[in-house]
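Biologist: I've got a sequence and a model on my screen, and I'd like to talk through how the pieces pack. Can you walk me through it?

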Amino acid sequence: MSVAAWRCRECAAPWPCQPARLRLRREYAHDRPGLAVYLCMLMHDAIADAPRRGPGEVDPAEHFARFVGWTRPWPVQGTTASCPDCRSDRAP
């Protein structure tokens, strides 16, 4: 990853690119909260770096989706059911 541009050194896509996400998921397979915390820290670094990359407004929602949002629970291989606490049909 090129920190200054927050792009992948291999494919030049915005980091974390799909291959990076797959590697991170494997590395943090048993520590999803740790993955979210790690990526949250990197998100804050990227937001802080944004003014140095040029003028423009930082969109926190875009940064969240890019860095942290994709880390939400993923289904266990071979199942289609999601976490009972995450089901949209549950009443609050």
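Modeller: Sure, let's go through helix 3 and its surroundings; keep in mind that this is a predicted model.

Biologist: Which residues of helix 3 are buried, and on how wide an arc do they sit?

Modeller: Helix 3 covers residues 60-67, and its buried residues are His63, Arg66 and Phe67. They sit on the same side of helix 3, because the arc they cover around the axis is only 80°.

Biologist: What do those buried residues pack against?

Modeller: Two other helices are involved. The buried residues of helix 3 pack against helix 1 (18-27) and helix 2 (32-53).

Biologist: Which residue caps the N-terminal end of helix 3?

Modeller: Look for a side-chain oxygen that lies 3.1 Å from the backbone nitrogen of alanine 61. That oxygen belongs to the capping residue, aspartate 59.

Biologist: Which helix gives the most to the largest nonpolar core?

Modeller: That core has 15 residues, and Trp15, Leu24, Leu35, Leu39, Leu42 and Phe67 touch the most other members. Helix 1 and helix 2 each supply at least two residues. With five residues, the top contributor is helix 2.

Biologist: Is phenylalanine 67 buried or exposed?

Modeller: Phenylalanine 67 touches Trp6, Trp15, Pro16, Leu39, Leu42, Met43 and Ala46, leaving out residues up to four places away in sequence. The cut-off for buried is under 20% relative accessible area. Phenylalanine 67 has 0% relative accessibility, so the verdict is buried.

Biologist: How many aromatic pairs are there, and what is the geometry of tryptophan 6 with phenylalanine 67?

Modeller: The count comes to three aromatic pairs. For tryptophan 6 and phenylalanine 67, the ring centres are 5.6 Å apart and the planes stand at 80°, so this pair is edge-to-face.

Biologist: Why does that pair tie together distant parts of the sequence, and how many residues apart are they?

Modeller: Tryptophan 6 lies in the segment before helix 1 and phenylalanine 67 in helix 3. The pair therefore ties together parts whose separation in sequence is 61 residues.

Biologist: What kind of pair do tryptophan 15 and phenylalanine 67 form?

Modeller: Their centres are 6.3 Å apart, with 55° between the planes. Over 60 degrees would count as edge-to-face and under 30 as stacked. This aromatic pair is tilted.

Biologist: Which residues form one aromatic cluster?

Modeller: Tryptophan 6 is buried, at a relative accessible area of 2%. Tryptophan 15 and phenylalanine 67 are buried as well. The one cluster is made of Trp6, Trp15 and Phe67.

Biologist: What separates the C-alpha atoms of alanine 5 and arginine 53?

Modeller: Alanine 5 sits in the segment before helix 1. Along the chain, alanine 5 and arginine 53 are 48 residues apart, yet their C-alpha atoms are separated by 7.1 Å.

Definitions and conventions:
Residues are numbered from 1 along each chain as its sequence is written. This is a predicted model: local features need pLDDT of at least 70, side-chain atom pairs count only at pLDDT 80 or more; totals for chains, interfaces and linings use all residues. Side-chain values use heavy atoms; hydrogens and water are left out. Buried means under 20% relative accessible area, exposed over 50%, partly exposed in between (1.4 Å probe, protein chains only). Helices (H or I, at least four residues) and strands (E, at least two) are DSSP runs, numbered from the N terminus. The arc is that of the directions from the helix axis to the C-beta atoms. Contact means heavy atoms within 4.5 Å. A polar contact is a pair of N or O atoms within 3.5 Å; within protein, one must be able to donate a hydrogen and the other to accept it, and residues adjacent in sequence count only if both atoms are side-chain atoms. A nonpolar core is a set of buried Ala, Val, Leu, Ile, Met, Phe, Trp, Tyr and Cys residues joined through side-chain atoms within 4.5 Å. Rings of Phe, Tyr and Trp (its six-membered ring) pair if their centres lie within 6.5 Å; planes under 30 degrees apart count as stacked, over 60 as edge-to-face and the rest as tilted.
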